[in-house]
Amino acid sequence: MKIIPLSEGSFTVDQTKKFIPYNPEKGMLQERPKGSLLVEIQPFLIVTTQDIILLDTGLGFSQDGVLQLYNNLAKHGISSSDVTKVIMSHLHRDHAGGLSVADPFSGLHYLAFPQADHYIQSKELDYALSGLSSSYDSSKLSFLANHDKVHLLDDRGDIDNYIFFELSGGHSPFHQVIKIVEGDQILFFGGDEAPQLQQMKTKFIAKYDFDGKRAMELRQQWWDIGIAEAWTFLFYHDIMVPYFTMKGESNE
Ligand SMILES: [Zn+2]
């Protein structure tokens, strides 16, 4: 499988959960509000023998009126209509912003990847539309509820016998993680529960998680299984290491 990180760039984010583009030449780290994190926003494109899969969709930034994701894909000779599957770890703004594009006249939202089958945990969408959390932009998500290209998933299962999803519920109540298995390659996308390499190695309870303790325990489980099964981890928020392949028991 081919892994193509589609970075939207580096951002600082603080308690207000606003993502501000970070320019290392201009902004000194110290000038950021206290408690700020520096993160990458990095959806992934996975090319398998049968699919072109997009894992999460970023903030949905545009460049010259074109979705930045489209420009990123074009650099690899791929158009938005080539994407066959879009799989969402969860629907927070920084992951679901590029799911849709709005018609400039009507303001109506349409799928940004219209040919693709979309896979979302059913309860995650319900929760996003409930208005209970400000981490979601329900106005951009409501059209997904009754869309023939949207497949609402329950708990755990598989897609086409090689993509495995499982409700994990650490970062958001109905967050899911994704495993893609082809040949001897195992890709693991833990979304915001395995966002950076460094967080996998340290016992770290994130304040921004719905259930920080659970997320930490899950990270440790995945790390152990990852070592045993030589997983490749895909890190959505890692500035330095987009993905990392475990070499088996003896290494690392
Ligand atoms: Zn999130």
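In strand 3, Ile20 is the bridge partner of Thr12. Strand 3 and strand 2 pair in the antiparallel sense, over three bridges; two strands count as paired if DSSP finds at least two bridges between them. Strands (E, at least two residues) and helices (H or I, at least four) are DSSP runs, numbered from the N terminus. This is a predicted model, in which local features need pLDDT of at least 70 and side-chain atom pairs count only at pLDDT 80 or more, while totals for chains, interfaces and linings use all residues. Residues are numbered from 1 along each chain as its sequence is written, and side-chain values use heavy atoms, with hydrogens and water left out.

Strands 2 and 3 belong to an open sheet of three strands, in the order 3-2-4, with antiparallel pairing. Strand 3 (19-21) and strand 4 are its edge strands, and each pairs on one side only. On average, neighbouring strands of this sheet are turned by 40° against each other, direction ignored. For such angles, axes are lines fitted to C-alpha atoms (for helices over the stretch in contact), and angles run from 0 to 180 degrees between N-to-C directions.

A further open sheet has six strands in the order 1-5-6-9-12-13, with mixed pairing. Strand 1 (2-5) and strand 13 (150-153) stand at the edges with a single partner strand each, so one side of each has no neighbour in the sheet. Here neighbouring strands are turned by 20° against each other on average, direction ignored. Within this sheet, strand 6 (residues 52-55) and strand 9 (residues 85-87) run parallel and are joined by three bridges. Leu54 stands opposite Val86 in strand 9. Helix 3 (residues 122-129) packs on the sheet and touches strand 12 (117-121) and strand 13, where contact means heavy atoms within 4.5 Å. The direction of helix 3 makes about 75° with that of strand 12.

The structure holds 14 aromatic pairs. Rings of Phe, Tyr and Trp (its six-membered ring) pair if their centres lie within 6.5 Å; planes under 30 degrees apart count as stacked, over 60 as edge-to-face and the rest as tilted. Phe11 and Phe61 form a stacked pair, 5.7 Å centre to centre with 10° between the planes. This pair links distant parts of the chain, 50 residues apart: Phe11 is in strand 2 (residues 9-13), and Phe61 is in the loop between strand 6 and strand 7 (62-63).

Next come the pockets. Rolling a probe the size of a water molecule over the atoms shows where empty space is left. On a 1 Å grid over the protein atoms alone, with a 1.4 Å probe, a pocket is an open set of points with protein on both sides within 12 Å along at least five of seven lines, and lining residues have an atom within 4 Å of a point. Grid points are joined across faces, edges and corners, and a volume is the space filled by probe spheres set on the points. The largest pocket holds about 1100 Å³ of space. Its lining has 44 residues, and Val13, Asp14, Lys17, Phe19 and Tyr208 lie nearest its centre.
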